Amino acid sequence: MNRKKRINQILKAKQKKANAKLHNSNKPRYISKAERAKMEAEQQNQTELENQATEQFESSSTQDA
């Protein structure tokens, strides 16, 4: 009985793992703290560049008028 039970447990576990691989998780991918800080810094640099560009554009447009 124990041998049959153990074989069934192994087969059920394999079936469960195979079934789990078919379904995608809705959970978002983990992003490390360092990676989040890096992304935030890049985003901040991007916004600063956009602000500088708009300031230059506004100053040049006011000088033209």
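How far apart do the centres of the positive and negative side chains of the protein chain lie? The two centres are 45 Å apart, for 14 positive and 8 negative side chains. Lys and Arg count as positive, Asp and Glu as negative, while His and the chain ends are left out; each charge sits at NZ of Lys, CZ of Arg, CG of Asp or CD of Glu.

A quick word on the ground rules. This is a predicted model, where local features need pLDDT of at least 70, side-chain atom pairs count only at pLDDT 80 or more, and totals for chains, interfaces and linings use all residues. Residues are numbered from 1 along each chain as its sequence is written, and side-chain values use heavy atoms, without hydrogens and water.

On to the fold: the chain has two helices and zero strands (DSSP runs, H or I of at least four residues for helices and E of at least two for strands, numbered from the N terminus).

| Helix | Residues |
|---|---|
| H1 | 2-22 |
| H2 | 33-64 |

H1's 21 residues should span 30 Å at 1.5 Å a residue (times one less than the residue count), and its end C-alpha atoms, 31 Å apart, agree with that. None of those 21 residues is buried, meaning under 20% relative accessible area, with exposed over 50% and partly exposed in between (1.4 Å probe, protein chains only). Across the chain's 65 residues, buried ones make up 0%.

Over in H2 sits Ser-59, which counts as partly exposed because its relative accessibility is 35%. Ser-59 is 40 residues from Asn-19 in sequence and 62 Å from Asn-19 in space, C-alpha to C-alpha. The C-alpha trace as a whole spans about 95 × 20 × 10 Å along its principal axes.
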